[in-house]
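Please look at the structure below before reading on. The paragraphs after it go from one residue to the interior of the chain.

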Amino acid sequence: MNERARHWQYDELPGVDLLRARYVRKTFVRHTHENFVIAAIADGVEVFHHGGGDQYAGAGALALVNPDTPHTGRAGVPEGWRYGAVYPSVDVVAEIAAETTTLRGTPGFVSPVMDDPYAVGLVHQVLRAADEGNALAADTLLRVAVTRLLRLNGGPMPRREVRTAGARIAARARGVLEERMAQPPTLEQLAADLGTSPFALLRAFRDVYGMPPHAWLTDARVRRARRLLDMGTAPSEVALAVGFTDQPHLNRHFSRMVGVPPGAYQRERKNVQDLR
């Protein structure tokens, strides 16, 4: 059974990424998204580690992940899983929530899996409308889907407040890694610069960000790579700019987090830019 995936944008749905895919052997390593993940499973089963345990989403269910939440992804059955997904930005979801729900603060999803064949159908209709260039339908259906999910499974997202000394050190470490993404320090160097021990820094960082510094850095590099690819930078240049040794290194990590290679990702985005 062949694997295939398309990751794209529709000009009339600003702030929303779109994905349609079938995966069998694909494994997504631990990563995060800047946007919400609303993945509607059409066939098979997806398993994803989220919140300390494995979650199972089968046909007729949705996998729902809030922004900046570490998670993985893999097949739960031998035949894999087929799904469509929309990735609305925080601003898009907040706007819909303010207009159609009573949620206050920054809205988010409470449960990572929700059985709702009707909402699954809405997500696939959004993708179909985007494919057909039906802006009115795509926009309407997206708003209906997000409203339904928030009303049935929505709540205010908990704020991550940096209160403890360890959390403050983790935040400082993250700032250093963001600034020195292409040439990061070792864990020992980073800890020494922050006045702590390597293991204390490792524990604090994992407690705050859900993954160790090296995994967080790879995730951050892929995020920055996406932005550079969207700007039209060649993948080979992107790889070096974000700190990967070469383009194959970028390709490997990018595919394991985004689901498609950087070249295919950029071609789809370029089509949108050309239309503009």
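What follows covers a histidine, the nonpolar cores and a cavity.

This is a predicted model, in which local features need pLDDT of at least 70 and side-chain atom pairs count only at pLDDT 80 or more, while totals for chains, interfaces and linings use all residues. Residues are numbered from 1 along each chain as its sequence is written, and side-chain values use heavy atoms, with hydrogens and water left out.

Start at His31, which lies in strand β3 (residues 27-31); strands are DSSP runs of E, at least two residues, and helices are runs of H or I, at least four, numbered from the N terminus. His31 counts as buried because its relative accessibility is 3%, and buried means under 20% relative accessible area with a 1.4 Å probe, protein chains only. Beyond its neighbours within four places in sequence, His31 is in contact (heavy atoms within 4.5 Å) with residues including His71, Met211 and Asp219.

Nonpolar side chains tend to be buried together in soluble globular proteins. A nonpolar core is a set of buried Ala, Val, Leu, Ile, Met, Phe, Trp, Tyr and Cys residues joined through side-chain atoms within 4.5 Å. The largest one here has 34 residues, and Leu149 is among those with the most contacts inside it. Elements giving two or more residues to this core include β4 (37-50) and α3 (135-153). Another core, of 33 residues, lies apart from it and includes Ile169 and Phe254.

Which residues lie closest to the centre of the largest cavity? They are His33, Glu46, His71, Tyr83 and Tyr87, out of 19 lining residues. β4 gives the most to this lining, with 4 residues.

Technical notes
Buried < 20%, exposed > 50% of the residue type's maximum accessible area, 1.4 Å probe, protein only. 1 Å grid on protein atoms, 1.4 Å probe; cavity = no way out; pocket = protein on both sides within 12 Å on 5 of 7 lines; lining within 4 Å.
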